[in-house]
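Student: I would like a close look at a single residue and its surroundings, and then a view of how the nonpolar parts are arranged. Could you take me through that slowly?

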Amino acid sequence: MGRKGSPRSPQAEGGSRAASPPSPLWALPEELLLLICSYLDVQALGRLAQVCRRLRFLSSRDVLWRRIARGCLNSGFTQLGTDLAPGIPVKERVKVSQNWRHGRCRRETVLKWKCNLMPWMELDGEYLYLSQAENIQAYQLCAEGTGLQRHPQAIFSGHQEDVCRFVLVNSHIVSGGGDGSIVLHKLHGSYSVKFSAHEQEVNCVDFQGGLIVSGSRDRTAKVWSLTAGRVGQCLHTVHTEDRVWSIAISPLLSGQLLTCLGTDFHRGAGVLDVFYETPSLLLSCGYDTYIRYWDIRTSTRKCVQEWEEPHDSALYCIRSDKNHMIASGSSYYGVVRLWDKRQTRCLQSFHLSSPTSSPVYCLRFSTTHLYAALASALHVLDFTAS
């Protein structure tokens, strides 16, 4: 016998659930929804994306992840908020940033050569430029982000001895060599210029706005003109008390020596690399094992922050993401270290040289990969692999 009561609805008879009324959430304008979601952290945005497709799409918008990304390591945003990698979704960059922080990566040796060298390199979009002996070779990066093509797409020559360092600016390569000369190449074309610059090897160069600056073992730094009719003309010479190992032009491009950084450095504490983040903020490293962060607006006599290499090794090279992360290359055992400016100790270490010891002569990185050039090999760390 059936229990008495009110007749059952057709939906109940068919076993299907009655349709729920539309959520009042979707009645809100998209701008207001994004404003509400902007108060969520990473975990909350991840959970929100699991609710439905519409919220998954909404919670993946770049505008929601920019604030989070600016607090992450190497997410492609500078300290001033400039986006250096606009073609990559910000959410994906935040995900990869966690791999940088925790040291999760795949290591690979992508190039080897027989004799020991002191290579230098630059990254430019789809190409990696690497100095090998007296030439600079351009290698195309693989489209899938795994390594690079084994054979160079272009070779730039002109030096009689090994290239010491070079820079890549505005589709031009400017290099200094052991033969004391400076060579300028245009990337897309046959134009090149070579002129004698120093009595001894040119250890370092920089190029910007029609000016070249160079430093040498002969204890001088020089400013050179590249304007029409004055190419290779020395505009200014700075006499130093020691060999010049690194040099950099301020983004303000004054063309003159403004000041000297630091005081009371002991003899031999040479600076091996300098990197400008902004016209007033720059990093330096060298023989005395310290990374120094300078703000020339506050003081040129004392740095605002410093970090010491934990194994007392000289630091050959340095780069930053212009925000929170610093990468350094040590003189022993091919050690690459990652640093967070907000912490006092090294964040991650990678030993690339085994069993023989080799310095990391140069390193460059994108938001996904780090390239390190050692005496006889080029290594890549792929941080997209988790």
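Tutor: Leaving aside neighbours within four places in sequence, N203 is in contact with C164, R165, G215, S216, R217, V244 and W245; please keep in mind throughout that this is a predicted model. N203 itself is placed in strand β10, which covers residues 202-208, and because its relative accessible area is 6%, below the 20% cut-off, N203 counts as buried. One of its contacts, V244, also takes part through its backbone oxygen, which lies 3.1 Å from a polar atom of the N203 side chain.

Turning to the nonpolar interior, the largest nonpolar core has 25 residues, and those with the most contacts inside it are M121, L128, Y129, L130, L148, I173 and L378. At least two residues of this core come from each of β1 (106-112), β3 (127-132), β4 (135-140), β6 (163-169), β23 (369-373) and β24 (377-382). Apart from this core lies another, of 19 residues, among them L338, V360, F365 and L381. To return to L130, its contacts beyond four places in sequence include L111, W113, P119, W120, M121, I136, F166 and A373.

On the outside, by contrast, L25, L28, L32, L35, I36 and Y39 make a nonpolar surface patch of about 550 Å². Within this patch, Y39 is found in the loop between α2 (30-37) and α3 (42-48), and Y39 counts as exposed because its relative accessibility is 68%, above the 50% cut-off.

Notes. Residues are numbered from 1 along each chain as its sequence is written. This is a predicted model: local features need pLDDT of at least 70, side-chain atom pairs count only at pLDDT 80 or more; totals for chains, interfaces and linings use all residues. Side-chain values use heavy atoms; hydrogens and water are left out. Helices (H or I, at least four residues) and strands (E, at least two) are DSSP runs, numbered from the N terminus. Buried means under 20% relative accessible area, exposed over 50%, partly exposed in between (1.4 Å probe, protein chains only). A polar contact is a pair of N or O atoms within 3.5 Å; within protein, one must be able to donate a hydrogen and the other to accept it, and residues adjacent in sequence count only if both atoms are side-chain atoms. Contact means heavy atoms within 4.5 Å. A nonpolar core is a set of buried Ala, Val, Leu, Ile, Met, Phe, Trp, Tyr and Cys residues joined through side-chain atoms within 4.5 Å. Patches are made of residues with over 30% relative accessible area and no salt bridge: like charges are joined within 9 Å, nonpolar side chains (Val, Leu, Ile, Met, Phe, Trp, Tyr) within 5 Å. Accessible areas come from the Shrake-Rupley method with a 1.4 Å probe; for residues, only the protein chains shown count as cover. A salt bridge is a side-chain nitrogen of Lys or Arg within 4 Å of a carboxyl oxygen of Asp or Glu.
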